[in-house]
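Here are a few short exercises to work through with the model open in your viewer. Try each task before reading its solution.

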Amino acid sequence: MSMEDRDGWIWLDGEWLPWRDARVHVMTHTLHYGLGCFEGIRAYPTPQGPAIFRLEAHIERLFDSARILGLPMPFDEATVSAACCDAVRRNGLGQAYIRPLVFLGAEKAGVDPQGAATHVSISAWEWGAYLGKDGLDRGIRVKVASFARHHVNVQMCRAKSVSTYTNSILACREVRAEGYDEALLLDTDGFVAEGPGENVFVVRRGTIYEPEITSSLDGITRQTILALAQEAGYPVVSKRITRDELYVADEVFFTGTAAEVTPVVEIDRRPVRDGRPGPVTRALQQSYFACVEGRDPAHAAWLTPCG
C-alpha cells in the first residue's frame with residue numbers, strides 16, 4: 001500500500017487532516033534543499049493499552065535538532081507530545097510507528113531559508129520489525145559500506161536531520177545490492193561509526209563496547225540499552241573501534257527505534273563468532289522488550305499511555 005493512499009489522520013500545523021489530504025506544495029523548501037528534522041517513535045501494546053516508549057526523550061531531541069538546524073518551532077513540546085498520543089488514538093492503532101517531521105514550507109525559494117515558515121506534521125501507522133522478524137530472531141548480515149559517516153563539521157551530527165539520511169540511503173542501497181541486510185558506516189578517520197539508522201555495540205570477553213558518538217546520532221534506544229546494561233552489571237566502554245575489532249568480536253548488535261535490538265551475525269562475509277546471536281545480545285533484547293511492552297515495572301516511567 002502506498003504511503004499516501006491510506007485511511008487515517010495526520011496532524012499538520014495543528015490541524016487534523018484526512019490522511020490523503022495531508023499534502024505540501026512541490027516548491028516546499030525542505031524538498032529542494034533538505035533542511036529539516038524528524039523523529040521515529042514507537043508505541044507498543046501493553047497490558048494497559050498502547051503506550052509510547054520514551055516519548056519525552058524523543059520530543060526533547062526533536063526540539064534540540066530544530067535548534068541545532070536553526071528552525072524556529074511554532075509549537076511547544078507539550079503540544080507536539082499530545083499530538084503524538086492523539087495520532088495513535090485517532091488512527092485506532094494498538095501498536096504504531098510515529099513520525100513527527102519539521103520542515104520548511106514553500107514561502108520562498110533559494111538556499112537561504114530566511115522567510116520560509118517552519119511546519120510540523122505527525123503521522124502514525126503500523127510498522128513491523130524494520131529489519132524483519134527473522135532479523136530480530138536470527139540476526140542479520142552486514143557489510144561495511146564504502147561511504148563514510150559525516151565529519152562533525154560537515155553535518156551537525158547531534159541533529160536527526162533529513163539530509164543526513166542521503167548518506168544512509170547511499171550506504172544502504174550499496175550493500176543491499178550485494179545481498180546484505182544492512183550497512184555499517186565508518187567515520188572519516190576510518191573508525192566504526194554506526195549503521196544507516198542504528199547505533200552499534202560490540203561485545204568482547206564480557207565487556208560491551210560502543211563507538212564514541214562524535215559522528216553518530218545519540219540514539220534513544222542506545223541510551224536505553226546503556227541503562228539496561230548498567231543495571232545488569234555489564235561493563236560498558238566507549239572508545240574508537242577499528243573495523244578489524246568487529247571481525248574478532250564475540251557479539252555485535254544494532255539498536256534503534258526502528259531496528260529495536262537486532263543481532264548482527266555476519267560482517268563482510270565473516271561470521272560473528274559462531275554466526276548466531278550471543279547471550280549478552282539476547283539478554284538485553286529481552287530486557288528491552290520487557291520495558292517497551294510494559295512488563296518491567298521498574299521502567300514504567302518510560303511509557304506514555306495513549307489508549
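**Exercise 1. Work out what share of the chain's contacts between residues at least 6 apart in sequence join residues at least 24 apart.**

Solution. Keep in mind that this is a predicted model. Start from the contacts between residues at least 6 apart in sequence; of these, 69% join residues at least 24 apart. Contact here means heavy atoms within 4.5 Å.

**Exercise 2. Compare the radius of gyration of the chain with that of a compact globule.**

Solution. Begin with the length, 307 residues. For that length a compact globule would have a radius of gyration near 19 Å, and the chain has 19 Å, so the two agree. Next, look at the extent: the C-alpha trace spans about 55 × 45 × 35 Å along its principal axes. Finally, turn to burial, where 51% of the 307 residues count as buried, with under 20% relative accessible area as the cut-off.

**Exercise 3. Describe the surroundings of strand β4 (residues 41–44).**

Solution. Take the faces to begin with. I41 and A43 lie on one side, R42 and Y44 on the other, and all are buried, so both faces are covered. Then find the paired strands. β4 pairs with strand β6 (residues 96–104) in the antiparallel sense over three bridges, and two bridges join β4 to strand β5 (residues 51–53), again antiparallel. Now follow A43: its bridge partner in β6 is A96, while in β5 its partner is I52. Last comes the hairpin of β4 and β5, with six residues between the strands, where G49 takes a positive phi near 105 degrees.

Terms used. Residues are numbered from 1 along each chain as its sequence is written. This is a predicted model: local features need pLDDT of at least 70, side-chain atom pairs count only at pLDDT 80 or more; totals for chains, interfaces and linings use all residues. Side-chain values use heavy atoms; hydrogens and water are left out. Buried means under 20% relative accessible area, exposed over 50%, partly exposed in between (1.4 Å probe, protein chains only). Helices (H or I, at least four residues) and strands (E, at least two) are DSSP runs, numbered from the N terminus. Two strands pair if DSSP finds at least two bridges between them. The radius of gyration is taken over C-alpha atoms; the globule rule is 2.2 Å times the number of residues to the power 0.38.
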